[in-house]
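Visitor: Before we begin, I should like each descriptive term to be set against the criterion behind it. May we look at the structure together?

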Amino acid sequence: MLKHLTGSEIVCEALIKEGVSVVFGIPGGAILPLYGVLSKYPALRHILTRHEQGAAHAADGYARSTGTVGVAFATSGPGATNLVTGLATAMMDSVPMVAITGQVGRAAIGTDAFQEADITGVTMPVTKHNYLVMRADDLGRTVHEAFHIARTGRPGPVLIDIPKDVFIEMGEYDPDEPIDLPGYSVPGMADEAQIDAAAALINQAERPVILAGHGVVLSRSFDELRELAEKAQIPVVTTLLGISSFPEDHVLSTGFPGMHGMAYASLAIDEADLIINFGSRFDDRIVGDAQRFSTGSKKIHVDIDPAEINKTIHVEAPVVGNIKDVFGQLLPKVKKTTRVEWLQHVEHLKAEHPSLRIPESDRLMGQHVVKALSDVTKGDAIITTGVGQHQMWAAQHYQFKNANSWLSSGGAGTMGYEVPSAIGAQVGNPDKLVWSICGDGGFQMTMMELATVVENRLPIKYAIMNNNHLGMITQWQSFFYDGDYQAETYTGNPDFVKLAEAYGIKGIRVTSQDELESAIREANAHEGPVVVDFVIEKVDDLYPMIPVGQSIEELIEDPN
Amino acid sequence: MAETANGTFQRTIAALVQDRPGVLARIAGLFRRRGFNIASLAVGRSERPGLSRMTFVVEGPEEVVRQVAAQLDRLIDVVEVHDITEQNIVWRELALIKVRANAGKRGEILELANIFRVNVIDIGVESLTMEISGGRQKIDSLIELLRKFGLEEVIRTGRVATLRGTLVEGEDDGLFQSDASKSTYTLPTATGESGSV
């Protein structure tokens, strides 16, 4: 049924038709006409963030944790450019998002008008697609296309830029108008010949390893992954973003590999005769030196994006398709086996290279904090992190019980992701416990969002791993710059407990191992948000470590 | 895949793209950030309303240029893309060549033009301009032969290519029409690229 509406109304009706119930954003001049109709659409809950980067990361956290498309609003110019880091973060990790930005009026475009920025030009490399919509008549179709593009195939962020007067203009909206994207197809089932080739390799392999990436999480193929691994008795290594796609207490769980991953995971990959990659892009943090990556193995690469096949690693058996469909095709063709010898060897690797030593120190260390969080929450929390040492400790020591409970900026490596992504995760999962594990560096990049937390009564628990240092930077300067420490010390950190209290948030400080469990229990028991300032030791030795661009041969295990 | 003189590789990509503002910017941006080097690019409206055809010749390390078609296909505005490097294709390029030509040299130049079956499209007191279409080698050859007269301007369109309609081997690269192929003229050594693969 054709509707005659303003551009703003078309946007809201189309968002509701797409199932959107929450948007994160900040108003500004060019997008005010859209905000002007929000009161007519109570189905759209607007969460006002304090910075547009926060809106983008919150939409990202919402999307990752719920499996739906996250939505962010921002105004023209600086509002829109402030989204860029959030879009780039979502793009690198294939997170479905739609960002709607206001633009200056049509007549002013290209005149360097006040708060004008060519945001479609700026965001081309960091979006899956973007639009500048010049007619209200095109808005409805564009919004529906944007959601289709964002959530299907390899997901990603899509930006829609709308001039102020297009929001105001009357236009036709046909909710049933079919989308028209002749240049866009969504892979489903894989070619049967590719499946047969992959199944044959799996059935012949003696030392196979599954590398489970973000694609398993994005396609929600947790049960299928487990079924395949158990049927063919294949150890499962999860990539950083694949963490929580496979139960970590499972006997076949073999950790995460790469630069700061478990040594046994990297060794299993190195010694394998077959790598079965489900939805990982053979990222350089896993591969290191591509010439020396698991040279004795054949590779199967299952990916929905054909451009990822043979991009960094040559594979014998490419399988292009939706991972969930591919599991369904592969499972009946993969033989049930026992593989006793190889599994014993992998167990031996785990025993010989434990990698996850909790430091035997009286002082409070990052690992102690994550271990205690994992124990007290029984692995049942949604965890968000920033980037750096605390992220790696979280990845190494939190024992994830639930699928899809790990939110971390893997590809972009965005410090500051931890604070607002937790907002999105909590909004999307109001009944779940959300712990945001923060670095003191990253926390200060986005901590203004504590106001958003308070305003929306979100019971998020923030764990600041506070060592007054950019920990990963000190480590690299120690290893690769002869200990020439530069710009890594934070001497101006605020009192995070007082800071929390200034926002009306409960603040707790923990300085010793003895206080750990009781503080975490106290935070969990508190109804509202909590900031726990864990005052930890500065260390230069996050192990294991494979230096950048190197291989397993250069693995540095914990010398202590 | 043809290896060029400097050790990089060339691929020919044919794409059908949406005829919309910003499409070229998307493609150019993709090429820039992925490190694909455009040797030539030809764009024009296609037989299908709303769609343009683009023919790219890209240069770079082999493992990089092999990814061009797959990366292009990720763009929503790219409707179809084919890496036709190893397929049976026919391609042509158009060039306008303005060469210095006073009365004394004009006869020799016109004779060359005749052998190459090119059209002289403008003639002045001191120069003449000819239009040549064909494969790269043919155009390169003519340019080399004209160089000694003094080249004033060379304008090339870049390659346009299409798949051959039959499986019968065609002309090598369009150097000569069928009757002219009996000519004794031989090509100067080029980089081993051929119009039909």
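**Domain contacts in chain A**

Guide: In this predicted model, 24 residues of domain 1 of chain A are in contact with 26 residues of domain 3 of chain A.

Visitor: What makes residues count as being in contact?

Guide: The criterion is that the C-beta atoms of two residues, placed from the backbone, lie within 7 Å. By that test, domain 1 of chain A contributes 24 residues and domain 3 of chain A contributes 26. The centres of these two domains, taken over C-alpha atoms, are separated by 29 Å.

Visitor: Which elements give two or more residues to the side of domain 1 of chain A that touches domain 3 of chain A?

Guide: They are β2 (22-25), β3 (45-48), α3 (52-66) and α5 (84-92) of chain A. With 11 residues, α3(A) gives the most to that side. The residues of this side comprise 9 nonpolar, 11 polar and 4 charged.

Visitor: Where do the domains of chain A begin and end?

Guide: The domain assignment places domain 1 at 3-173, domain 2 at 192-352 and domain 3 at 366-535.

**Buried elements of chain A**

Visitor: Why is helix α18 of chain A called largely enclosed?

Guide: A residue is buried if 20 or more other C-beta atoms lie within 10 Å of its own. In α18(A), residues 418-428, 11 of the 11 residues are buried, so the helix is largely enclosed by the rest of the structure. Among them are A:Glu418, A:Pro420, A:Ile423, A:Gln426 and A:Gly428.

Visitor: How do you know that strand β11 of chain A is covered on both faces?

Guide: On one side A:Leu274, A:Ile276 and A:Phe278 are buried, and on the other A:Ile275 and A:Asn277 are buried. The count for β11(A), residues 274-278, is 5 of 5 residues buried. As background, side chains in a regular strand alternate between the two faces of the sheet.

Visitor: What makes β11(A) a paired strand?

Guide: Pairing requires at least two bridges between two strands. Strand β9 (residues 208-212) of chain A pairs with β11(A) in the parallel sense over 5 bridges, and β11(A) is also joined by 5 bridges to strand β12 (residues 298-303) of chain A, again in parallel. A:Ile275 is the bridge partner of A:Val209, and A:Ile275 also stands opposite A:Lys299 in β12(A).

Visitor: Why are β15 and β18 of chain A called edge strands?

Guide: The open sheet has 6 strands in the order β15-β14-β16-β17-β19-β18 (chain A), with parallel pairing. The strands β15 (406-407) and β18 (506-510) of chain A each pair on one side only, and they are the edge strands. Within this order, strand β16 (residues 434-439) of chain A and strand β17 (residues 461-466) of chain A are joined by 5 bridges and run parallel. There A:Trp435 has A:Lys461 as its bridge partner in β17(A).

**A helix with two sides**

Visitor: How do you know that the buried residues of helix α15 of chain A lie on the same side?

Guide: The buried residues are A:Trp342, A:Val346, A:Leu349 and A:Lys350. They cover an arc of only 100° around the axis, which puts them on the same side of α15(A). An α-helix has 3.6 residues a turn, so residues three or four places apart point the same way.

Visitor: Which residues of α15(A) are exposed on the other side?

Guide: An exposed residue has 12 or fewer other C-beta atoms within 10 Å of its own. On the other side of α15(A), A:Val340, A:Glu341, A:Gln344, A:His348, A:Ala351 and A:Glu352 are exposed. The cover over the buried residues includes α12 (263-271) of chain A.

Visitor: What span does α15(A) reach against the expected one?

Guide: Helix α15(A), residues 340-352, has 13 residues and reaches 18 Å from its first C-alpha to its last, close to the expected 18 Å.

**Chain B and its contact with chain A**

Visitor: How many residues of each chain are in contact with the other?

Guide: The contact joins 13 residues of chain A and 14 residues of chain B. The chain A side divides into 8 nonpolar, 4 polar and 1 charged.

Visitor: How many helices and strands does chain B have?

Guide: Chain B has 5 helices and 9 strands. Of its 197 residues, 31% count as buried.

Conventions. Residues are numbered from 1 along each chain as its sequence is written. Chains are lettered from A and ligands numbered from 1 in the order in which they are written. This is a predicted model: local features need pLDDT of at least 70, side-chain atom pairs count only at pLDDT 80 or more; totals for chains, interfaces and linings use all residues. Ala, Val, Leu, Ile, Met, Phe, Trp, Tyr, Cys and Pro count as nonpolar, Asp, Glu, Lys and Arg as charged, and the others, Gly among them, as polar. Helices (H or I, at least four residues) and strands (E, at least two) are DSSP runs, numbered from the N terminus. Domain bounds come from an automatic or database domain assignment. The expected span of a helix is 1.5 Å times one less than its number of residues. The arc is that of the directions from the helix axis to the C-beta atoms.
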